[in-house]
Amino acid sequence: MPELPEVETVRRGLAPVMEGAVIEKAAVNRPDLRWPFPERMAERLTGQRVERLRRRSKYILADLAGGETLLVHLGMSGRMLVSGDPLGHFVHDHPAPEKHDHVVFDMQGGARITFNDPRRFGAMDLMPTGAEAEHKLIAHLGPEPLGNAFSETYLVAALRGKNTAIKAALLDQRIVAGLGNIYVCEALYRARIAPTRSCRRISAARIASLVPIVRQVLDEAIAAGGSSLRDFRQADGELGYFQHNFDVYGREGLPCRTPECGTPIRRIVQSGRSSFYCPQCQR
């Protein structure tokens, strides 16, 4: 599933052709994805100007001039592809329609945004602008890892005394929003913390050190265009390439990249997800 850097990369790719532009025509080609689409979604979106594109956790939020906000979740295989961009940011013409092109926005000026989702785990919804904090998918989310609320003081207090493994705690969206399996593995490697270590057995100083490390990992991934695992694509259809910089994720059996270490990277399963770490460097 795309993680925060992938979603932020898509948001930035969509911004040049969506922000300030009018949805000339919205087409909804099926009644649902993971959940049913809101009633009259195509009608409610057609003619609306997109005032601003935002991101909350792994959700893209498009504020519309009419007072509603469109929520987009990419799910496991969702892609938002841009074609026919008159601003010159993208070079390909409109492709032939595909089987899994479930929602299509024809923007005033000639750009087209297509939401393609073969597995249909994605979602779209409409809500009053400003009410997103009450939406069922957002209401219980913790602070953004790139925001000021995610501070050393906050994280130390949030994890104090917990018996939970540190990796599970960082994946808990109620503690911090948007972190996923890939980048938590990478952050814990840089912090030299084993993913299995209980939060209560990690010093406050080491927990605090995770805050700048998490931000650094995410910033690097966003700058690199997100990872290109499986079905992820940027908005212009090109692959990201951060996966080539992974230190531990997907490197089971390969030598640790820490100088003078070389210990084979180990993979274990925690709560149904693969954890990759160096048993020598991470304690």
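Which cysteine sulfur is closest to the sulfur of cysteine 256, and why is there no bond between them? Select cysteine 256 and cysteine 278: their sulfurs are 3.7 Å apart, too far for a bond, since a disulfide is a pair of cysteine sulfur atoms within 2.5 Å.

Before moving on, note that this is a predicted model, in which local features need pLDDT of at least 70 and side-chain atom pairs count only at pLDDT 80 or more, while totals for chains, interfaces and linings use all residues. Residues are numbered from 1 along each chain as its sequence is written, and side-chain values use heavy atoms, leaving out hydrogens and water.

**Stop 1: the cysteines**

Stay with cysteine 256, which is buried at 6% relative accessibility (buried means under 20% relative accessible area, exposed over 50%, partly exposed in between, with a 1.4 Å probe and protein chains only). Next, pick cysteine 281, whose closest cysteine sulfur is that of cysteine 261 at 3.6 Å, again too far for a bond. Cysteine 281 is buried too, with a relative accessible area of 15%. The disulfide count comes to 0.

**Stop 2: helix α5**

Now select residues 181–191, helix α5 (helices are DSSP runs of H or I with at least four residues, strands are runs of E with at least two, both numbered from the N terminus). Here 10 of the 11 residues are buried, so α5 is largely enclosed by the rest of the structure. Show α1 (4–18), α4 (166–171), α6 and β10 (273–277) as well, and you have the elements that the buried residues of α5 pack against (contact means heavy atoms within 4.5 Å). Just after the helix comes arginine 192, with a positive phi near 65°.

**Stop 3: α5 on α6**

Add α6, residues 204–223: its axis and that of α5 come within 9 Å and cross at roughly 130°. (Axes are lines fitted to C-alpha atoms, for helices over the stretch in contact, and angles run from 0 to 180 degrees between N-to-C directions.) That makes α5 oblique to α6; angles under 35 degrees count as roughly parallel, over 145 as roughly antiparallel, 65 to 115 as roughly perpendicular and the rest as oblique. Residues to display in the contact include Tyr183 and Leu188 of α5 and Leu210 and Val217 of α6.

**Stop 4: α3 on α6**

Finally, select α3, residues 152–159, which packs on α6 at about 130° with the axes 8 Å apart. These two helices are therefore oblique to each other. Glu152, Leu155, Val156 and Leu159 of α3 meet a set of α6 residues that includes Ile207 and Val211.
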